[in-house]
Amino acid sequence: MIASAPGKIILFGEHSVVYGRHALVSAINLRCRVEAKKSKVFRVVSPLGITGLDFKVHPYVSFAIKRFSELKRIDGAELIIKSEIPIASGLGSSAAVTVATLKALSGEFDFMLTDEEIFELAKKVELDVQGRASGIDPFISTFGGSWIFPERKKVEILFDFFVLKLWERSTKMMVEKVAKLREKHPEILERIFDAIDAIALKAPGCDSEDFEELIHINQSLLRAIGVSSPEIDELISKLEKDGFKVKLTGAGGGGCIFGIYRDRKPGGSFVVKPEMEGVRIEDS
Ligand code: MEV
């Protein structure tokens, strides 16, 4: 059984969403495909390597298998993973592989989970791996579309976006970094989170000019909470000099930066579009 799930772009609200604030997020037209086959042993085949259940090399897939087995006992499965979503870059590759794995397993082992059940299980997997998470990534990967989260208010995003990939980094580490800063300066961080919350709520009604202003403000606030870096700031200033407005998306510390795509994009970047469809079974 083959299932696929989309990646995502957090337009506004990463990190503050972990502390109960709103985020504006959209699924994107890059997907992760997982094929599940019954087998006597566990085997995971992906661009990261070929392993059995391996919580270091394939943490999300291994925890997804573990969580699925708690509901339906399975003695083995082969999972073959192919993804268009860059890994560890803030575009939701981990959630997409988790959600697609759960859907493929549920189809292969005749234990059909609803999308709501897949979302709840994938959220647990994310917490298994990261320790702290808002659930925004598994949510958008399961349901697709564009939303104000955690409200589940559907919105329409009329723009395409250019995305520039920087380098890979760990979401867990970046989330911990913000948690430490918040422990030290709670009264300041909470106010920054409130400002980001206001941005996420305002953005859906904005034209491209105002949307770009919000991109600029949110990036400054991400810098303030320590998830940018001198290299990223320098790159962003250079792009601003060229007339682009960009911000980090996802956990930061690297990953990806994005801006609204209007005919022109920075060298090395690629274009993504909002995607309406969430997880689905694919024809084999
Ligand atoms: C990661 O894509 C988004 C973060 O806000 C973490 C989370 O919400 O779980 C950094």
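**Close-up views of a predicted model**

**View 1. A loop with a cis proline.** Pro-150 sits in the loop that runs between β6 (146–149) and β7 (153–154). Keep in mind for this view and the others that you're looking at a predicted model. Which form does the peptide bond from Phe-149 to Pro-150 take, cis or trans? Here that bond is cis, and its omega is near 5°.

**View 2. His-15 and its backbone angle.** Now hop over to the loop between β1 (2–12) and β2 (23–38), where you'll find His-15. This residue isn't a glycine, yet it has a positive phi, about 70°. Hang on to the name, since His-15 is also among the residues that come nearest to the ligand.

**View 3. Who comes nearest to the ligand.** There are 13 residues around the ligand, and the nearest of them are Lys-8, His-15, Ala-133, Ser-134 and Asp-137. What kinds of residues make up this shell by class? Seven are nonpolar, three are polar and three are charged.

**View 4. Polar atoms facing the ligand.** Zoom in on three residues, each with an atom lying a short count of ångströms from a ligand oxygen. Lys-8 has a polar side-chain atom 3.0 Å from an oxygen atom of the ligand. With His-15 it's the backbone that matters: one of its N or O atoms lies 2.9 Å from a ligand oxygen atom. For Ser-134, look at the side chain again, where a polar atom is 2.5 Å from an oxygen atom of the ligand. How much of the ligand's surface does the protein bury? On its own the ligand would expose 300 Å², and the protein buries 98% of that.

**View 5. The largest pocket, home of the ligand.** The ligand takes up space in the largest pocket. Two elements, β1 (2–12) and α4 (136–143), give two or more residues each to the shell around the ligand. As for the pocket itself, its volume is about 850 Å³. Its lining counts 44 residues, and Tyr-60, Ala-88, Ser-93, Ser-94 and Thr-171 are the ones nearest its centre. Which elements give two or more residues to that lining? They are β1, α1 (59–71), β5 (77–83), α2 (93–108), α3 (115–130), α4 and α5 (171–184). Sorted by class, the lining has 21 nonpolar, 15 polar and eight charged residues.

**View 6. A cavity lined by eight named residues.** How many cavities of 30 Å³ or more does the structure hold? Just one. The largest cavity has about 40 Å³ of space in it. Its lining is made of Tyr-60, Ser-94, Ala-95, Thr-98, Ala-122, Val-125, Glu-126 and Pro-138. Of the elements, α2 and α3 each bring at least two residues to this lining. By class you get five nonpolar residues, two polar ones and one charged. Spot two familiar names here: Tyr-60 and Ser-94 line this cavity, and they are also among the residues nearest the centre of the largest pocket.

Terms used
Residues numbered from 1 in each chain as written. Predicted model: local features only at pLDDT ≥ 70, side-chain atom pairs only at ≥ 80, totals over all residues. Heavy atoms only, no water. Near = heavy atom within 4 Å. Polar contact = N/O pair within 3.5 Å; in protein donor to acceptor, adjacent residues only side chain to side chain. Areas by Shrake-Rupley, 256 points an atom, 1.4 Å probe, with all protein chains shown as cover. 1 Å grid on protein atoms, 1.4 Å probe; cavity = no way out; pocket = protein on both sides within 12 Å on 5 of 7 lines; lining within 4 Å. Sits in = over half its atoms within 2 Å of the grid points. Helix = DSSP H or I, 4+ residues; strand = E, 2+ residues; numbered from the N terminus. Nonpolar A, V, L, I, M, F, W, Y, C, P; charged D, E, K, R; others polar. Points joined across faces, edges and corners; volume = space filled by probe spheres on them.
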